[in-house]
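Trainee: Hi, I have a structure open and would like to walk through it with you. Can we start with the pockets?
Mentor: Happy to, let's bring it up.

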Amino acid sequence: MSSIENKDASSLKAELIADFHLSQAKLNGKAALPIHQLRGEAMQNFDKLGFPTIRHEEWKYSNVSNLVKQTFDFHTKTEFNQADLDKIPLPHLTGNVLYFINGVYNAELSQIATPENKLKVIPFSEALAQQPELIEGYFGKYANYETDAFTALNTALAKDGVVVQVADNKIVEEPIILRFISDVRLANVGSQPRNLIIVGKNSQVKIAEAYRTVGDNAAFVNTVTEIIVDESAMVDYYKVQSESDKSYHIGTTQVYQKGRSYFYSATVTLNGGFVRNNLNVVLDGEYIESHLFGLYVPNGKQHVDNHTVVDHRKPNCESHELYKGILMDKSTGVFNGKIFVREDAQKTNAYQNCRNVVTSDEATMNTKPQLEIWADDVKCSHGTTTGQLNDEAIFYMQSRGIPKKEAIRLQLLAFAQDVVTQIKIDSIREYIEELILEKLEGA
Amino acid sequence: MLTINNLHARIEEKEILRGINLEIKPGEVHAIMGPNGSGKSTLASVLAGREDYEVTEGSVTFNGKDLLDLAPEKRAAEGIFLAFQYPVEIPGVTTINFLKTAINEIRKYNGQEPLDAAQFLKRMREKAKLVKIDDALLKRSLNEGFSGGEKKRNEIFQMAMLEPTLGLLDETDSGLDIDALRIVAEGVNQLRDGKRSFVVVTHYQRLLDYIVPDFVHVLYKGRIVKSGTKELALELEEKGYDWIKNEVDALEIA
């Protein structure tokens, strides 16, 4: 690995490469383990790929040049404690609630409610150091660390996160809520959480990832979650982002579904300076169902980019996708939805829809649906719309006594409801409803 | 109650109302008739405060207030209701929630406490009967997927719920079949209480068979060119508008 050169690399790239060498040096002879070999490969890939520029097709509208100019502390020790947590207005969360502060698991703040015979929860750091055999079969097997620079970076350098394992034939009633908090009160902080969620055959579970920033410095979160949904299993997966305007969030959720399984997701971006979500779902079995919902409500100069890939590999599956955006002020949005229907995937039903409302002349939305279909007996459709609020509807409401501002808010709220109501963890849904209401005050 | 004085209004560069004068007293029903493009709907829209129109001259006072100075929602709160010719579909907002918000905004404006859930439900049940509107319909998104008749009945239902003092009915009869026409008209008649006034904009006599007006005005080229009682409507039904057009056009040439 010593051959890595970085003459023209950004400061952030140089910093990360140096970081990797340091961590390699501490491996104490474990470097030969397959998992560390893989991390080495990932680092080489990252070095080769570098951070993407807008010349890269997948990053055309999302420019990370401001991110890579900055430096971030990836090793900061934080004193973040219960008292700090109490200061954040949060819903009362019950169930399995796990806290990660600057990417590091915090056992003190966390609670696990489900018995171990149903659900195993192990910090990723622990799995990596003590039980690599537990994750070797899965780690890096799904998320693309070959051509995706950020995933490569995460694969090489992720220190912590969580490994969740649901045994076969179990219904986990209590939701699993993963809360990632960037504590940037003292400095710019970077974190690279890595999560591995393995759901056994015929089991059911609800999982949420929630991201938030505390403090005024910049945060860089580069997160990767791999979810394996075994045969006939059902997974609800929610990602909720409420990060600061100075934060950069780049996240990949890689889902692998086996036959007759069911995956239901909602990605809700309430706040964040720069957000890029990749949600990639592979349907690798028959009679699979996948639902992908998304909602983003950027204001100010926030930028939210959702890239999704739905990969139909086998026959008789269906996927439904609905992403909705409300773009205010000078915010920008991107939706790129790919659907692949492979040659084998006959009788596929795949639907994609992206609808946006732009409330200001200065906000922009870029949408790009991409369907690649190699099978001939399929039903696929896609549609995108970007429009403004309906003036006639606003006048209609006003003519009934509803002030204009309230009429606009009601309409936007109604627009968002389609996605918000998909969230089946009540406390999280109510929390989102509240934050959206608050945010739309300024629409 | 309502005094319109020399009202001129235009949309973009086109002058549509060219000097309307009209006085409406409490309890009166005025029918506004006239050929297509005469400005009937424009008058209703201007009174309700639609932004597309610019008032260039004249005044409108409503219960002593300068109506043209008020935002549409304030006009509603003051007691004006416009039943739309083309009611708007609003996905995601149920009729019930919409009306709850509207009623309580109007009450707030008038310094009243909001209706509680029980009071609201009671009023809703009562008024739904007036226009034979189904409970299930009210739980759906406002006007979304409603038939033409359902939309118009919903307009009258909303009017009944909001209890305005002046109802403006903009071609409420268009797109209705015989039964729906009767139901809608009967709903309006039950809201006639001697104090509440109505302006009924219509192209045809048929609605006026049910809602019998006190006065009938004929609008042509943006002016009221003839006023009379309900007999005028019958005459128009029989003879059409051409004789009035000819009269007016002849005068203009002269």
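Trainee: How many residues line the second largest pocket, and which of them lie nearest its centre?
Mentor: Keep in mind that this is a predicted model. The second largest pocket is lined by 27 residues, and those nearest its centre are Ser23(A), Arg39(A), Leu157(A), Ala158(A) and Lys159(A).

Trainee: What volume does the second largest pocket have?
Mentor: The second largest pocket has a volume of about 560 Å³. By class, its lining has 11 nonpolar, 10 polar and six charged residues.

Trainee: And which element gives the largest share of that lining?
Mentor: That would be H1(A), with five residues. Elements that each supply at least two residues include helix H1 (11-25), helix H2 (34-49) and helix H5 (124-130) of chain A. H7 and strand S6 (189-191) of chain A do so too.

Trainee: OK, now the largest pocket. What is its volume, and which residues are closest to its centre?
Mentor: Its volume is about 650 Å³. Of the 33 residues lining the largest pocket, Asn144(A), Thr147(A), Asp148(A), Asn280(A) and Val309(A) are the closest to its centre. Among the elements giving two or more residues to this lining are helix H7 (149-157), strand S11 (247-257) and strand S13 (274-283) of chain A.

Trainee: Which one gives the most there?
Mentor: S13(A) does, with five residues. As for the classes, the lining of the largest pocket has 13 nonpolar, 12 polar and eight charged residues.

Trainee: Let's go to closed spaces. How many cavities of 30 Å³ or more does the structure hold?
Mentor: Four. The largest cavity has a volume of about 100 Å³, and the second largest holds about 50 Å³.

Trainee: What lines the largest cavity?
Mentor: Its lining includes Leu90(A), Pro91(A), Ile177(A), Arg179(A), Tyr211(A) and Tyr431(A). The residues of that lining divide into nine nonpolar, one polar and one charged.

Trainee: And how does the lining of the second largest cavity divide?
Mentor: Into three nonpolar, five polar and one charged. Among its lining residues are Lys239(A), Asn277(A), Asn278(A) and Leu279(A). S13(A) turns up again here: it gives the most to this lining, with three residues.

Trainee: Changing topic: is S7(A) buried or exposed?
Mentor: Six of the six residues of strand S7 (194-199) of chain A are buried, so the strand is largely enclosed by the rest of the structure. Buried here means under 20% relative accessible area.

Trainee: Which residues of S7(A) point which way?
Mentor: Arg194(A), Leu196(A) and Ile198(A) point one way, while Asn195(A), Ile197(A) and Val199(A) point the other way. In a regular strand, side chains alternate between the two faces of the sheet.

Trainee: What does S7(A) pair with?
Mentor: S7(A) pairs in the parallel sense with strand S4 (161-166) of chain A over six bridges. It also pairs in the parallel sense with strand S9 (219-229) of chain A, over six bridges. Val199(A) is a handy residue to click on: it is the bridge partner of Val166(A), and it stands opposite Val229(A) in S9(A).

Trainee: Now chain B. What is the strand order in the open sheet of four strands?
Mentor: The order is S2-S1-S4-S5 (chain B), with antiparallel pairing. The edge strands, S2 (14-24) and S5 (65-66) of chain B, each pair on one side only. Between S1 (2-11) and S4 (53-62) of chain B there are eight bridges, and Leu2(B) stands opposite Phe62(B) in S4(B).

Trainee: Where does helix H1 of chain B lie?
Mentor: Helix H1 (40-48) of chain B lies across S1, S2 and S4 of chain B, at about 105° to S1(B).

Trainee: And what about the open sheet of six strands, what order does that one have?
Mentor: S6-S9-S10-S3-S11-S12 (chain B), with mixed pairing. The twist averages 20° from one strand to the next. S3 (29-33) and S11 (215-220) of chain B run parallel, joined by four bridges. Helix H9 (230-239) of chain B lies across S3, S11 and S12 of chain B, at about 45° to S11(B).

Trainee: Last one: is Thr95(B) buried or exposed?
Mentor: Thr95(B) is buried, with a relative accessible area of 0%. Thr95(B) is found in helix H3 (95-109) of chain B. Leaving aside neighbours within four places in sequence, its contacts include Leu137(B), Arg140(B), Phe146(B) and Phe157(B).

Terms used
Residues numbered from 1 in each chain as written. Chains lettered and ligands numbered in written order. Predicted model: local features only at pLDDT ≥ 70, side-chain atom pairs only at ≥ 80, totals over all residues. Heavy atoms only, no water. Pairing = 2+ DSSP bridges. Contact = heavy atoms within 4.5 Å. Axes fitted to C-alpha atoms, helices over the stretch in contact; angles between N-to-C directions. 1 Å grid on protein atoms, 1.4 Å probe; cavity = no way out; pocket = protein on both sides within 12 Å on 5 of 7 lines; lining within 4 Å. Points joined across faces, edges and corners; volume = space filled by probe spheres on them. Nonpolar A, V, L, I, M, F, W, Y, C, P; charged D, E, K, R; others polar. Buried < 20%, exposed > 50% of the residue type's maximum accessible area, 1.4 Å probe, protein only.
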